Amino acid sequence: MTPSRRIRDLLESALAELPQTPILAAFSGGLDSMVLLHALAQSAAVRARGLRAVHVDHGLNEDSEAWARRCREFADALGVELVVRVVDVVRSPGLGLEASARRARYAAIETLLTPGEIVALAHHRDDQAETVLLKLLRGAGPEGIGAMRPLRRLGRGLAWRPLLLLPRAALREYAEQHRLSWIADPSNADQTIDRNYLRMQVLPRITARWPEAESSIAQSASWARAAAEFIDVEAERALARIQGLDPTTLHFREWLALPTALRDPVLRRWLRALDLPEPTHYQAAELVRQLGEAGEDRQPCVRWPGTEVRRYRDLLHALAPLQFPPLEWIGDFDGGPLALPLDLGVLRLRAAGGDVRLATPLQVRFRRGGESLRLSSGGRTRELRDLFQEAGVPPWKRGRLPLVFDADGALVAVADVWLSEAGAALLAPLEARFEWLPAERSARRDGDSLAIDLADALS
């Protein structure tokens with residue numbers, strides 16, 4: 001079978017499984033993407049859907065503008081619309097130049113996608129083998145070893161890799177048969193880049209000893225991908241079972257009792273849903289160790305950049321790193337909106353007619369220890385510490401609630417959660433109540449919606 005026939009049949013077979021939406025070909029001008037765009041342009045089925053291409057100019061080579069012009073000339077000769085996007089590659093922390101360029105490229109492509117549009121990518125079997133080896137060398141699990149999917153979500157559309165079953169040699173034969181002239185990016189010969197080193201030094205030696213190695217590695221990736229997808233489904237079910245009423249919490253004993261293959265995926269799925277950074281494998285293992293060894297009276301906490309995971313009683317809490325207001329901060333409060341420090345929101349007095357003003361201002365500060373109040377419901381004077389413990393308020397939240405004091409230094413209210421007898425007497429003639437509105441970001445990320453938390457805890 002000729003290379004043209006082989007690639008044509010592969011495309012036609014794969015197209016039959018795809019939604020009937022337009023196709024956007026990612027076109028660098030290199031061998032692989034040139035073969036893909038040329039083959040797509042020969043397909044009447046693809047033309048009927050609508051075909052266009054995108055070239056991303058990273059500006060990393062002095063010839064990048066000339067490359068963009070060559071890509072446009074080639075697309076014009078095929079009668080395919082080409083969109084050129086110029087991007088600035090910003091080196092992200094922890095990412096090399098290649099990964100940063102890839103991130104910028106995909107971001108640019110996503111902005112072009114129409115709903116449901118399919119991005120055709122020219123990755124082939126050799127690329128898949130390189131990816132699997134890189135993932136193995138970095139200690140990846142089934143998700144990583146599963147490498148590239150033939151089809152996956154990307155922005156508002158889908159990313160499609162129709163050539164994953166073909167070796168690079170088949171694409172080169174196609175290009176030579178059709179006398180295609182492609183761009184040779186010199187960075188592909190830079191062996192300081194891990195992928196290039198694998199391609200030029202490692203894989204040739206492996207395939208010299210095991211000629212079917214690339215095919216076998218791709219098959220292993222397929223098995224790992226199937227296992228990863230199964231684990232993903234089970235992790236979703238497990239998370240639904242063990243998550244607390246507050247989505248920022250997990251029942252820690254149930255999490256520890258999960259099979260080892262599920263524990264890490266559940267943790268990462270939970271954190272991703274909260275838009276929190278995920279841990280390294282060492283940090284995840286440290287969390288397991290501390291939870292297993294800490295006594296019931298301890299409150300273990302494991303931190304990594306952007307995230308803290310803390311245990312309190314039966315629950316794990318995931319949150320962004322907290323800052324606590326300065327002990328010396330004091331705000332004069334006349335009932336109107338009072339902005340609290342560190343994005344802790346706004347405190348005000350509200351009545352049916354709107355905000356209320358007090359003739360004698362109160363003072364607002366944060367917890368220093370030893371505070372007490374007699375609740376409006378009567379009874380003896382209670383230590384605030386005891387109220388927090390009975391209500392199950394985690395210790396790290398206690399110092400972030402605004403406390404309201406009268407001119408004599410008596411505690412009148414704890415945010416809009418508890419009101420003292422004196423506070424009730426003060427507000428009754430005004431028919432008013434305290435209202436604390438935590439900042440939206442804090443309410444979502446740090447779990448500071450304590451009025452709701454405490455109402456649940458006290459009910």
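Colleague: Let's start with one residue. Is phenylalanine 27 buried or exposed?

Modeller: Keep in mind that this is a predicted model. Phenylalanine 27 has a relative accessible area of 2%, and the cut-off for buried is under 20%, so phenylalanine 27 counts as buried.

Colleague: And phenylalanine 74, is that buried or exposed?

Modeller: Same reasoning. Phenylalanine 74 comes out at a relative accessible area of 16%, so it is buried.

Colleague: How do I read aromatic pairs, and to how many does the count come?

Modeller: For a pair of aromatic rings, you look at the distance of the centres and the angle of the planes. Here the count comes to five aromatic pairs. Take phenylalanine 27 and phenylalanine 74: their ring centres are 5.7 Å apart and the planes make an angle of 35°, so this pair is tilted. Phenylalanine 27 belongs to the loop between strand 1 and helix 2, while phenylalanine 74 is in helix 4, so the pair ties together parts 47 residues apart in sequence.

Colleague: Rings can meet charges too. Where does the charged end of arginine 311 sit?

Modeller: Over the ring of phenylalanine 252, at 4.9 Å from the ring centre.

Colleague: Now the core. Which residues touch the most other members of the largest nonpolar core?

Modeller: The general idea is that nonpolar side chains tend to be buried together in soluble globular proteins. In this model the largest nonpolar core holds 39 residues, and Ile23, Leu37, Leu40, Leu51 and Trp160 are the ones touching the most other members. Elements supplying at least two residues each include helix 1 (3-15), strand 1 (23-26), helix 2 (31-41), strand 2 (51-57) and helix 4 (64-78). Strand 4 (118-120), strand 6 (157-160) and helix 8 (168-177) do so as well. Helix 2 gives the most, with eight residues.

Colleague: What does leucine 37 touch, not counting residues up to four places away in sequence?

Modeller: Leucine 37 touches Ala25, Phe27, Leu51, Ala53, Phe74, Leu78 and Val80 once those sequence neighbours are set aside. Apart from this core there is another one, of 33 residues, with Val393, Leu403, Phe405 and Trp418 among them.

Colleague: Let me zoom out. How many helices and strands are there in the chain?

Modeller: The chain has 18 helices and 21 strands. Its C-alpha trace spans about 90 × 50 × 40 Å along the principal axes. The radius of gyration is 30 Å, whereas a compact globule of 459 residues would be near 23 Å.

Colleague: What share of the residues count as buried?

Modeller: Of the 459 residues, 47% do. On the outside, the chain exposes about 23500 Å², with 51% of that supplied by carbon and sulfur atoms. For contacts between residues at least 6 apart in sequence, 65% join residues at least 24 apart.

Colleague: Backbone angles next. Which phi does arginine 313 have?

Modeller: Most residues other than glycine have a negative phi. Arginine 313 has a positive one, about 55°, although it is not a glycine. Arginine 313 is in the loop between strand 9 (307-312) and strand 10 (315-319), and it is partly exposed at a relative accessible area of 43%. Glutamate 431 also has a positive phi, near 50°. Glutamate 431 is placed in the loop between helix 16 (421-427) and strand 21 (432-437), and it is exposed, with a relative accessible area of 68%.

Colleague: Back to the inside. Is aspartate 57 buried or exposed?

Modeller: Aspartate 57 is buried, at a relative accessible area of 6%, and lies in strand 2. Leaving aside neighbours within four places in sequence, aspartate 57 is in contact with Ser64, Glu65, Arg85, Val86 and Val87.

Colleague: And tyrosine 106, where is that found?

Modeller: In helix 5 (residues 97-112). Tyrosine 106 is buried, with a relative accessible area of 14%. Not counting residues up to four places away in sequence, tyrosine 106 touches Leu121, His123, Arg152, Leu154 and Arg161.

Colleague: One last distance. How are leucine 256 and leucine 291 placed in space?

Modeller: Their C-alpha atoms are separated by 8.1 Å, with their positions 35 residues apart along the chain. Leucine 256 lies in helix 11 (residues 252-256), and Leu291 is one of the residues leucine 256 touches.

How values were computed. Residues are numbered from 1 along each chain as its sequence is written. This is a predicted model: local features need pLDDT of at least 70, side-chain atom pairs count only at pLDDT 80 or more; totals for chains, interfaces and linings use all residues. Side-chain values use heavy atoms; hydrogens and water are left out. A nonpolar core is a set of buried Ala, Val, Leu, Ile, Met, Phe, Trp, Tyr and Cys residues joined through side-chain atoms within 4.5 Å. Buried means under 20% relative accessible area, exposed over 50%, partly exposed in between (1.4 Å probe, protein chains only). Helices (H or I, at least four residues) and strands (E, at least two) are DSSP runs, numbered from the N terminus. Contact means heavy atoms within 4.5 Å. Rings of Phe, Tyr and Trp (its six-membered ring) pair if their centres lie within 6.5 Å; planes under 30 degrees apart count as stacked, over 60 as edge-to-face and the rest as tilted. A charge sits over a ring if NZ of Lys or CZ of Arg is within 6 Å of the ring centre and within 35 degrees of the ring normal. The radius of gyration is taken over C-alpha atoms; the globule rule is 2.2 Å times the number of residues to the power 0.38. Accessible areas come from the Shrake-Rupley method with a 1.4 Å probe; for residues, only the protein chains shown count as cover.
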